[in-house]
Amino acid sequence: MTARIATRGYRPYSGERTGVAGAMTSVGRLTMQRCLGIHRPLRTKVFPVVVIALAYLPTLVYVGVTVLGNRLDRQGLPGRTTAMTLVPNYAQNYGQIVLAVVVFSAFVAPEVLCPDQRTGMLGLYLASPLNRTTYLVSKAVAVAAMVSVVTLGPPLVLLIGYSMQGYGPQGFGEWMLTLARIVLAAMVISTLLTALSLAMSSLTSRRAAASAGFLAIVVGGSSLCGLLITQGGMTNRLNLLNLVTLPYELVYRIFDEPSPLTINAEAPVPTALLVAAFFAWLVLGYAVVSWRYRRLALVR
Amino acid sequence: MAVVVRAEGLTKRFGNRVVLANAEFEIGEGVWGLLGDNGAGKTTLMGLMLGLLTPDEGKLETFGSSPRRNGPAIRARIGYSPEHQLFPGDLPAIDFVRHMCELHGIPRNHSATRASDALWWVDLGEERFRALGTLSVGQCQRVKLAAAMAFDPALLLLDEPTDGLDPSQRDAMLALISRVGGVSGMTIVMASHLLDEVERTCDRVLILDGGVVRELGPMHDSLRAPEALEVTIDGDADSFAAWIERRGVVVTRSEPSGRRLSIAVPSSSSSASSPANSHRDLLALIQESATVNAVGIRTLTPVRTGLAERMASRS
């Protein structure tokens, strides 16, 4: 029997290289891991886990109500009828998780962009096959995916729960239509909040400042718009500037449900105008990010 | 020798400040020192090689094409270790190096092994799972080197790799860079403002002074030679010094007792021979004076001034 000494000498690499796509995938993966606190200290996992749990909690409660309703029905009590009055439809479900969604968005993008500016990681990323555009696309996709955890996940759980308990859409076609609406609604909210939070995060290297700025614009702006409409008697088209109402109003339109804004409104804001405002905000958000990153000096 | 980086009339300005002025050079294979004082344009030149900056005039090619036009493909073959030490403090060293491998195209299933090997290679194998924020400056410098070389780049750019290191860590880092250059076959460009570091590590040099290329090519004898020799004499220092002075060499007393003398190496312009020859001639002269005057030589130390003084004396 002979022993062999293995050395860790330098080994050249002659295998395949994954190119820009591989680099983008790696950035996206690491970004999502860091947002969720994976491979990081315990304290960094607490916030995302709590907010995600808060986003899913109402949905799980409503699914529980449908389960309980069916059980009571089997015992001869009017459980199902009661449950039907208690549980929300898919559009209403978004209204109940709005706080968790906004708070999570305020946390994710600053966590994703600010440390790269503050540390030297941005310079290292751009010294790799990535350029400013591919770097930002990787980051935006990662942020959108993370925000989708709280915008897409809860309604999907609701759909599955309702379907299993017989509260869901009737028939395959209806079910697929509801699924498509859920995905579209989640995309609307995710892309808008991603664009806005990325824009705010691109302006500063401080996470807290970016989060505070985002909350000030979204929540503060929403409150101001609400006050001006209800107390100041201004037109309800001011809701086009309300970054909470705008995406949620679009969600109601996607599900073809009457929204709190349209039920009593004499002249509801046309859907085309809502869509135009949505895209305008989207373009503005990404334009700010793009402008800011074009101006960032990496080497001096 | 294949040309890795070529510059023609390369000029870069930041506002009114000219950082590189009409630079012309070719960097071939080997271990190169990019030498210059702070603000001489070393980091800017690296930024241009990577395509992170655009030349204002002239052109620069890395691997035969423009980094601005073909940046991603070029950067995939370049390992870059920046000067700064700021990285995510809670990221384990191995995750950082693995991520750098993946960024430069190494598939995920190979990246972990290569990252681990690179960290062992820079003597951080035992520390590879430690967070970057808990590592010392010296260890961080080695992590940066591991991250820059783990994906087997064709060109390794090291910006002040010994910045913040104590003398023993510096020696170890320079030895490591020499080792990388020796076994990997990578072209290495090491930016430094310390002549001594470049001298010990590199076989070729590109000297930048105020944005102008002062010297290019093999480490020149003129850069290796000291400007003076400091000698401590045991015996009659005056007669020893006078004997040398009579041969036209400047001798100054370094201390009041007069036993320590600083003997200037004649400049190449004042003698027909090269500075290195002048240095050797002076050694012979000192030996002869010691024999003639029957004095002992306790110490003999070459004295090198900084690059700035050297540049000033040469221009």
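This passage describes the confidence, nonpolar cores and cavities of a predicted model.

The model as a whole scores ipTM 0.84 and pTM 0.81. Chain B has an average pLDDT of 85, and 89% of its residues score at least 70. Confidence varies among the elements of chain B. Helix α3 (residues 93-103) of chain B has the highest mean pLDDT, 95. Helix α11 (residues 307-314) of chain B has the lowest, 54. Over residues 269-276 of chain B, pLDDT stays under 50. For that stretch the model has 11 contacts beyond four places in sequence. Where pLDDT is low, the predicted coordinates should not be read in detail.

The largest nonpolar core holds 156 residues. Within this core, A:Y94, B:F25, B:F96 and B:L145 touch the most other members. Helix α4 of chain A gives the most to the core, with 14 residues. Another core, of 18 residues, lies apart from it. Its members include B:V251, B:L261, B:V265 and B:L282. The contacts of B:F25 were also listed, leaving aside neighbours within four places in sequence. B:F25 is in contact with B:V5, B:R6, B:A7, B:L45, B:L60, B:L206, B:V213 and B:L216.

The structure holds 6 cavities of 30 Å³ or more. The largest has a volume of about 140 Å³. It is lined by 14 residues, of which A:R34, A:E111, A:V112, A:D116 and A:K139 are the closest to its centre. Three helices of chain A, α1 (19-36), α4 (90-118) and α5 (121-126), each supply at least two residues of this lining. The lining residues divide into 8 nonpolar, 2 polar and 4 charged. Helix α4 of chain A thus appears twice, in the largest core and in the lining of the largest cavity.

Definitions and conventions. Residues are numbered from 1 along each chain as its sequence is written. Chains are lettered from A and ligands numbered from 1 in the order in which they are written. This is a predicted model: local features need pLDDT of at least 70, side-chain atom pairs count only at pLDDT 80 or more; totals for chains, interfaces and linings use all residues. Side-chain values use heavy atoms; hydrogens and water are left out. On a 1 Å grid over the protein atoms alone, a cavity is a set of points where a 1.4 Å probe fits but cannot get out, and a pocket is an open set with protein on both sides within 12 Å along at least five of seven lines; lining residues have an atom within 4 Å of a point. Grid points are joined across faces, edges and corners, and a volume is the space filled by probe spheres set on the points. Helices (H or I, at least four residues) and strands (E, at least two) are DSSP runs, numbered from the N terminus. Ala, Val, Leu, Ile, Met, Phe, Trp, Tyr, Cys and Pro count as nonpolar, Asp, Glu, Lys and Arg as charged, and the others, Gly among them, as polar. pLDDT is the predictor's confidence in each residue, from 0 to 100. Contact means heavy atoms within 4.5 Å. A nonpolar core is a set of buried Ala, Val, Leu, Ile, Met, Phe, Trp, Tyr and Cys residues joined through side-chain atoms within 4.5 Å. Buried means under 20% relative accessible area, exposed over 50%, partly exposed in between (1.4 Å probe, protein chains only).
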